[in-house]
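Before reading on, please take a moment to look over the sequence and the three-dimensional model shown here, since the report below moves from the whole chain to its parts.

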Amino acid sequence: MGLGDALQQQAGRNYRMRCAIAVLIERLDDADANALLEALAPDSTMTNGQIERALAAEGHSHVKSYTVMRHRNGSCSCGTR
């Protein structure tokens, strides 16, 4: 098998981890998911750190401010970059 074949075979496999924010939004109830989406919105005045602290207070301490930042700017695994 050549390199091209090996690369094509690997391209068919999706090892990319899912964005922690997207997974969390799916798992939250509707009210909490909507509140988080509002906080993440481009016109929101909440900082990434404020969102991290609010999530941690509700038991979601695995989501860090850099994860929030990547999701907001589209550089996470569910983003467009």
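The following paragraphs describe the overall make-up of the chain, then one helix, and then a charged patch on the surface.

This is a predicted model, and its chain has five helices and zero strands, so that, read from the N terminus on, the elements run α-α-α-α-α by the DSSP assignment of helices and strands. Of the 81 residues of the chain, 27% count as buried. Among the contacts with a separation of 6 or more, 47% are accounted for by residues 24 or more positions apart. The chain exposes about 5,900 Å², of which carbon and sulfur atoms supply 51%.

Helix 2 offers a view of the interior, for within its residues 20–27 the side of burial includes Ile21, Ala22, Val23, Leu24 and Ile25. What covers these buried residues of helix 2 includes the helices in the table below.

| Helix among the cover of helix 2 | Residues |
|---|---|
| Helix 3 | residues 30–40 |
| Helix 4 | residues 48–57 |
| Helix 5 | residues 65–73 |

Helix 3, which is part of that cover, also holds aspartate 30. Is aspartate 30 buried or exposed? Aspartate 30 counts as exposed because its relative accessibility is 63%, and exposed means over 50%. On the surface, Asp30 gathers with Asp29, Asp32 and Glu58 in a patch of negative charge.

Notes: Residues are numbered from 1 along each chain as its sequence is written. This is a predicted model: local features need pLDDT of at least 70, side-chain atom pairs count only at pLDDT 80 or more; totals for chains, interfaces and linings use all residues. Side-chain values use heavy atoms; hydrogens and water are left out. Patches are made of residues with over 30% relative accessible area and no salt bridge: like charges are joined within 9 Å, nonpolar side chains (Val, Leu, Ile, Met, Phe, Trp, Tyr) within 5 Å. Accessible areas come from the Shrake-Rupley method with a 1.4 Å probe; for residues, only the protein chains shown count as cover. A salt bridge is a side-chain nitrogen of Lys or Arg within 4 Å of a carboxyl oxygen of Asp or Glu. Lys and Arg count as positive and Asp and Glu as negative; His and the chain ends are not counted. The place of a charge is taken as NZ of Lys, CZ of Arg, CG of Asp or CD of Glu. Helices (H or I, at least four residues) and strands (E, at least two) are DSSP runs, numbered from the N terminus. Buried means under 20% relative accessible area, exposed over 50%, partly exposed in between (1.4 Å probe, protein chains only). Contact means heavy atoms within 4.5 Å.
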